[in-house]
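The exercises below are meant to be worked through with the sequence and the coordinates open side by side. Each one sets a task and then gives a solution in steps.

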Amino acid sequence: MIKTDAERLVKERLGNEGSGHDWLHIDRVRKLSIQLAEGTEADEFIVELAALLHDLPDRKLADDRRMSRLEVETMLTSLSVGDDERTQIMHIIDTISFKGTGRTIPETIEGKIVQDADRLDAIGAIGIARTFIYAGSKGTPVYEPDGSDSAIQHFYDKLLKLKGLMNTDAGRKKAEERHRFMEVYLETFFKEWDR
Ligand code: ADP
Ligand code: NI
């Protein structure tokens, strides 16, 4: 089965990845994507496959884990995914993973859904955890009061902006709750810091 084969391939590649693009991130994005697709006209097969593959060509992955765009495409062909579906999936991966500006919006509803799911996994309690894992993997400090690079700085550079960039109503609703939790987290963080 195509989905099971794709799942196995991604699990093999990203199983124990250490900077927040691990298999469990992929699995959460897949589940969130399916939830967001419910009650919409989105094609669930495209949504699920794109979610499974969305991080494979990410620049942040180590060389031995990253797949080139062409390798992902070849993999889809070898899994017997049809031409039209392959094109749709590659469009999603291109806009999400090859993020030019990080603000490129996929043209299809399937792409908008996977982008929302990927962004939801970057915010809220899980997003906070991933931020510190990522910062730790790079040796970046938790916080620098002088405003230089830190995990806390990443909230202001990116995470607090994601709520306003959601494509779907269902995604926006989930984002609001996760956003509030980050605000409470930051407020508490600075209260403790200044004590
Ligand atoms: P994805 O491709 O899954 O959307 P990214 O590649 O942007 O995610 O980042 C992976 C995780 O690492 C995310 O949770 C993100 O917020 C976090 N991250 C990315 N850049 C930084 C940074 N400079 N400092 C701290 N965390 C970061
Ligand atoms: Ni991702």
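**Exercise 1. A helix and its cap**

How many of the 10 residues of H3 are buried? Identify them, and then find what caps the N-terminal end of H3.

Solution. The model is a predicted one, and local features are read from it only where pLDDT is at least 70. The step that decides the count is the cut-off, since buried means under 20% relative accessible area. By that criterion H3 is mostly covered, with nine of its 10 residues buried. The buried residues are Phe45, Ile46, Val47, Glu48, Leu49, Ala50, Ala51, Leu52 and Leu53. As for the cap, it is provided by aspartate 43, of which a side-chain oxygen lies 2.9 Å from the backbone nitrogen of phenylalanine 45.

**Exercise 2. The nickel site**

List the protein donors of the nickel ion (ligand 2), describe their spacing along the chain, and state what the pair of histidine 25 and aspartate 55 ties together.

Solution. Begin with the atoms: the donors are NE2 of His25, NE2 of His54, and OD atoms of Asp55 and Asp118, at 2.1 to 2.4 Å from the nickel ion. Along the chain these donors follow the pattern H-x28-H-D-x62-D. Next, place two of them in the secondary structure: histidine 25 belongs to helix H2 (residues 23-37), whereas aspartate 55 sits in the loop between helix H3 (44-53) and helix H4 (69-78), so the pair ties together parts that are 30 residues apart in sequence. Finally, consider accessibility: histidine 25 counts as buried because its relative accessibility is 0%, and aspartate 55, at 3%, counts as buried as well.

**Exercise 3. The surroundings of arginine 30**

Is arginine 30 buried or exposed, and which residues does it touch beyond four places in sequence?

Solution. Arginine 30 is located in helix H2, and with a relative accessibility of 9% it counts as buried. Leaving out residues up to four places away in sequence, arginine 30 touches Glu7, Trp23, Glu48, Ala51 and Leu52. With glutamate 7 there is a polar contact between the two side chains, at 3.1 Å. Among the residues touched, Glu48, Ala51 and Leu52 are buried residues of H3, which links this exercise to the opening one.

**Exercise 4. Two loop residues**

Locate serine 80 and glutamate 107, and describe the setting of each residue.

Solution. Serine 80 lies in the loop between H4 and helix H5 (83-97), and its relative accessibility of 58% makes it exposed. Its phi is near 65°, a positive value in a residue other than glycine. For context, most residues other than glycine have a negative phi. Glutamate 107 lies in the loop between H5 and helix H6 (109-120) and is exposed, with a relative accessible area of 67%. Not counting residues up to four places away in sequence, glutamate 107 touches His91 and Lys112. From arginine 130, glutamate 107 is 23 residues away in sequence and 28 Å away in space, C-alpha to C-alpha.

**Exercise 5. The two domains**

Describe the contact between domain 1 and domain 2.

Solution. The domain assignment gives domain 1 as 1-101 and domain 2 as 122-195, and their centres, taken over C-alpha atoms, are 25 Å apart. Nine residues from domain 1 and 10 residues from domain 2 take part in the contact. About 830 Å² is buried between the domains, 58% of it from carbon and sulfur atoms. Zero salt bridges are counted between domain 1 and domain 2, while two residue pairs are in polar contact.

Technical notes
Residues are numbered from 1 along each chain as its sequence is written. Chains are lettered from A and ligands numbered from 1 in the order in which they are written. This is a predicted model: local features need pLDDT of at least 70, side-chain atom pairs count only at pLDDT 80 or more; totals for chains, interfaces and linings use all residues. Side-chain values use heavy atoms; hydrogens and water are left out. Donors are N, O and S atoms within 2.8 Å of the metal (3.2 Å for Na, K and Ca); water is not among the atoms, so sites may look incomplete. Helices (H or I, at least four residues) and strands (E, at least two) are DSSP runs, numbered from the N terminus. Buried means under 20% relative accessible area, exposed over 50%, partly exposed in between (1.4 Å probe, protein chains only). Domain bounds come from an automatic or database domain assignment. Contact means heavy atoms within 4.5 Å. Buried area is the accessible area (1.4 Å probe) that two parts lose on being put together, summed over both. A salt bridge is a side-chain nitrogen of Lys or Arg within 4 Å of a carboxyl oxygen of Asp or Glu. A polar contact is a pair of N or O atoms within 3.5 Å; within protein, one must be able to donate a hydrogen and the other to accept it, and residues adjacent in sequence count only if both atoms are side-chain atoms.
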